[in-house]
2 protein chains.
Amino acid sequence: MAVSIPPPPLHAETPRPGESRKQREIRLREARILAVARDQILEGGYLGLNMDRIAAQIEYSKGTIYQHFRNKEEILLALVNDALDTRQRMFRAAAGFDGPDRVRLATVGAAAEAFVEHFPYHFKVEQIVRASSIWEKTSPERQQLMQTCEKSCMTTVVEVVQHGVAAGDLSLPEGVRPEEVVFGLWSVYLGAQIISHSSDTLGEIGIDNPIRSLRTNQHRMLDGYGWRPLSSQFDYMAHMDGVKAEMFRYELFAT
Amino acid sequence: MAVSIPPPPLHAETPRPGESRKQREIRLREARILAVARDQILEGGYLGLNMDRIAAQIEYSKGTIYQHFRNKEEILLALVNDALDTRQRMFRAAAGFDGPDRVRLATVGAAAEAFVEHFPYHFKVEQIVRASSIWEKTSPERQQLMQTCEKSCMTTVVEVVQHGVAAGDLSLPEGVRPEEVVFGLWSVYLGAQIISHSSDTLGEIGIDNPIRSLRTNQHRMLDGYGWRPLSSQFDYMAHMDGVKAEMFRYELFAT
DNA sequence: TCCTAAACTGACGAGTAGTCAATAAAGGCC
DNA sequence: GGCCTTTATTGACTACTCGTCAGTTTAGGA
């Protein structure tokens with residue numbers, strides 16, 4: 001199984017060249033703020049994020065935090081950007097998989113699954129930002145960064161679809177663009193994950209293994225578009241389990 | 001086109017039998033609190049909901065609001081329950097459509113679309129409740145009510161799928177249950193709507209008409225399951241536009 | 001060693017959720 | 001109506017949190 005491992009993430013404590021002790025101190029502190037914030041969000045959502053408590057935990061005063069981030073929302077957005085960056089690295093690695101395009105796409109799906117499993121706070125933060133009206137309070141620079149990341153993630157996947165079309169494995173009907181297929185996969189993924197994480201009676205409703213159902217549905221959608229090899233011709237389930245355990249291990253993408 | 005119109009919603013101002021003037025006053029006030037809260041949420045999300053401002057707007061003191069709702073979160077959950085109730089009425093009407101089961105399912109899809117278009121606050125509130133950790137702060141009674149509604153909505157749709165299987169239009173593969181198909185449609189719907197409402201650069205990304213894409217993807221998924229009539233054999237788009245304009249007009253379901 | 005710029009601090013202002021003792025209204029009874 | 005008990009209503013108050021900023025400390029060059 002051919003895998004292309006992305007460059008290992010630069011660990012925060014590694015000194016950067018041409019960086020004064022003070023600069024390094026500041027950079028490390030910023031990382032600590034984000035780490036502490038992430039835990040608080042994972043614990044109690046948006047309301048669990050508390051500036052005074054961050055200050056206490058990093059053992060600096062509140063004012064110092066505001067030298068790093070204009071406000072609470074900027075912290076959230078910074079966390080989202082981390083999330084998007086991590087996912088992008090995972091997606092790029094997935095898209096580099098060597099095989100038929102639909103199999104490459106399934107690899108991206110496995111990456112998306114692994115992303116939520118390894119980094120649940122990333123997923124949660126993204127969801128909070130999508131739901132709240134925190135957008136207005138954040139700086140245009142960070143907003144732009146987020147949009148760029150999102151677009152770039154999308155492009156990575158769209159290219160796989162385009163390649164599939166060019167290879168003749170998939171012929172899209174009149175008026176359907178590759179972006180729409182990606183939008184479909186993205187929707188199923190996002191919707192299924194949100195339902196799984198917010199509906200604690202899924203079992204009662206009749207969904208025992210939401211991740212498996214998510215996969216099945218994504219594959220049926222691609223079958224519906226007639227993308228070969230169809231899910232009856234290739235064991236996508238086994239493939240996804242395989243790459244998830246090999247290519248998308250936690251250590252390879254943790255920051 | 002056979003349509004079954006649900007019972008018209010009981011307007012809040014209609015007097016209930018055996019109800020004292022005082023009781024009616026209280027019931028009306030509760031409706032007003034929710035109406036005002038809904039507007040505030042639509043305006044500024046969860047943070048836009050302000051107890052003092054609600055009090056000022058309904059011209060009662062804050063303490064009185066707390067006689068109706070234990071806390072802010074209970075107001076949110078009450079709004080969600082209204083939303084689920086409305087959607088359920090729309091779904092039941094849709095499922096009552098007379099035609100092949102897959103067409104009935106498409107009718108439910110049209111209902112879901114109309115729901116978001118007519119009642120955007122309902123959708124927004126649901127999203128907020130899914131994202132925030134407000135669950136813990138709310139009373140078990142309301143939680144249960146919400147779960148019951150959600151389950152019942154699911155059941156309505158599952159029955160359509162089961163009927164399709166029984167009719168021989170759809171044969172599910174080994175180990176796939178009707179609930180999973182519904183879960184798939186639900187995921188696409190939820191995911192697509194959330195992306196549409198939270199990503200303001202969708203056009204740049206290449207999605208000009210997200211609702212159309214949502215429909216296409218749902219239908220391709222059902223095609224992937226081989227549910228007849230396939231989307232190549234029936235004009236689901238025209239059907240959905242038709243019923244949306246006829247069966248799911250705003251006035252028929254507004255409360 | 002001194003001096004200036006940068007970093008850091010925490011008390012404070014402003015705003016908001018939720019409480020509760022005091023007050024007002026309702027409704028039963030004579 | 002007048003009296004009394006119960007229920008409803010009020011808004012000042014507490015507790016908590018975000019974000020600010022004048023005053024203080026630290027860093028590092030001259």
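**Questions on a two-chain model**

Modeller: Start with B:Glu59, placed in the loop between helix H2 (51-58) and helix H3 (62-68) of chain B. Helices here are DSSP runs of H or I with at least four residues, numbered from the N terminus.
This is a predicted model: local features need pLDDT of at least 70, side-chain atom pairs count only at pLDDT 80 or more, and totals for chains, interfaces and linings use all residues. Residues are numbered from 1 along each chain as its sequence is written, while chains are lettered from A and ligands numbered from 1 in the order in which they are written.

Biologist: What makes B:Glu59 count as exposed?

Modeller: A residue is exposed if 12 or fewer other C-beta atoms lie within 10 Å of its own, buried at 20 or more, and partly exposed in between; C-beta atoms are placed from the backbone. B:Glu59 has 9 such neighbours, so it counts as exposed. It also has a positive phi of about 60 degrees, although it is not a glycine.

Biologist: How do you know that H1(A) is not straight?

Modeller: The expected span is 1.5 Å times one less than the number of residues. For the 28 residues of helix H1 (residues 21-48) of chain A, that gives 40 Å, yet the end C-alpha atoms span only 33 Å.

Biologist: Where is the kink in H1(A) centred?

Modeller: On A:Leu42, with a kink of about 90 degrees. The bend at a residue is the angle between axes fitted to the seven residues ending there and the seven starting there.

Biologist: Why are the buried residues of helix H11 (residues 236-246) of chain A said to lie on the same side?

Modeller: The buried ones are A:Tyr236, A:Met240 and A:Val243. They cover an arc of only 75 degrees around the axis, which puts them on the same side of H11(A). The arc is that of the directions from the helix axis to the C-beta atoms. The face turned away from the buried side carries the exposed residues A:Ala238, A:Ala245 and A:Glu246.

Biologist: What makes the relation of chains A and B that of a two-fold axis?

Modeller: A turn of 180 degrees and a shift of 0.0 Å along the axis lay chain A on chain B with an RMSD of 0.1 Å. That is the relation of a two-fold axis. Copies are superposed by least squares on the C-alpha atoms of residues with pLDDT of at least 70 in both.

Biologist: How do you know that the copies meet through the same surface?

Modeller: Residues are in contact if their C-beta atoms, placed from the backbone, lie within 7 Å. 100% of the interface residues of chain A are also interface residues in chain B, so the surface is the same.

Key
Helices (H or I, at least four residues) and strands (E, at least two) are DSSP runs, numbered from the N terminus. Two residues are in contact if their C-beta atoms, placed from the backbone, lie within 7 Å.
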